[in-house]
Amino acid sequence: MRGLPLVAAMTLLASPALAADDVMAGYYGNTAIATGGMTDTHTTFSADHTFDMRVPAFHMEFKGSWKLDGAQICRTFDSPPPGVTNPLCTQAAAHKVGDTWTATANGKTRTIKLVQGIQ
């Protein structure tokens, strides 16, 4: 299951001023879909610093917590997918619904698209 990781994050439920400074604000309530590698993954992030990662092709789900560490987002899985480091840290960047970018984790590069809503 190598290559399952992806980047994604969430929005603060605090004041709009704080949300404007939150690099993860565009992710909250939306889904980051990562393609390439073994299978697609769908990740949603919550403002309470938890995340859910679904692997639709294998009917699998992984949960955990996330935190920002400098310019990185680090996800700690409750039970990590096989071959995925725990915690898994990748570059954090602000994105909005409709954005597409690439991210590299565990030596694998994947394409990520932020889509509206939970998918």
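This dialogue explains how to read several features of the structure above.

Q: What kind of model is this, and how are residues numbered?
A: This is a predicted model, in which local features need pLDDT of at least 70 and side-chain atom pairs count only at pLDDT 80 or more, whereas totals for chains, interfaces and linings use all residues. Residues are numbered from 1 along each chain as its sequence is written, and side-chain values use heavy atoms, with hydrogens and water left out.

Q: In what order do the strands of the open sheet lie?
A: Strands of a sheet pair through backbone hydrogen bonds, either parallel or antiparallel. Strands here are DSSP runs (E, at least two residues; helices are H or I, at least four), numbered from the N terminus. Two strands pair if DSSP finds at least two bridges between them. In this model eight strands form an open sheet in the order β6-β5-β4-β3-β2-β1-β8-β7, with antiparallel pairing. The edge strands β6 and β7 each pair on one side only. Neighbouring strands are turned by 30 degrees against each other on average, direction ignored; the axes are lines fitted to C-alpha atoms (for helices, over the stretch in contact), and angles run from 0 to 180 degrees between N-to-C directions.

Q: How many bridges join β7 to β8, and where do the side chains of β7 point?
A: Six bridges join these antiparallel strands. Trp101 has Ile112 as its bridge partner in β8, and Thr100 has Lys113. Along β7, Trp101, Ala103 and Ala105 point to one face and are buried, while Thr100, Thr102 and Thr104 point to the other and are not. Buried means under 20% relative accessible area, exposed over 50%, and partly exposed in between (1.4 Å probe, protein chains only). The hairpin of β7 and β8 has two residues between the strands, and Asn106 takes a positive phi near 55 degrees there.

Q: Which residues have the most contacts inside the largest nonpolar core?
A: In soluble globular proteins, nonpolar side chains tend to be buried together. A nonpolar core is a set of buried Ala, Val, Leu, Ile, Met, Phe, Trp, Tyr and Cys residues joined through side-chain atoms within 4.5 Å. The largest one has 21 residues, and Met24, Phe51, Trp66, Ile73, Phe77 and Ile112 have the most contacts inside it. At least two residues of this core come from each of β1, β3, β4, β5, β7 and β8.

Q: Which strands does the disulfide tie together?
A: A disulfide is a pair of cysteine sulfur atoms within 2.5 Å. The structure holds one, joining Cys74 to Cys89 with an S to S distance of 2.0 Å. The link is right-handed, with 115 degrees about the S-S bond. Cys74 lies in strand β5 and Cys89 in strand β6, so the pair ties together parts that are 15 residues apart in sequence. Cys74 is buried at 6% relative accessible area, whereas Cys89 is partly exposed at 30%.

Q: Which peptide bond is cis, and where do His49 and His59 lie?
A: Most residues other than glycine have a negative phi, and most peptide bonds are trans. A cis peptide bond joins Asn86 and Pro87, with omega about 5 degrees; Pro87 is in the loop between β5 and β6. His49, in the loop between β2 and β3, has a positive phi of about 70 degrees. His59, in the loop between β3 and β4, has a positive phi of about 50 degrees. His49 counts as partly exposed at 30% relative accessibility, and His59 counts as exposed at 77%.
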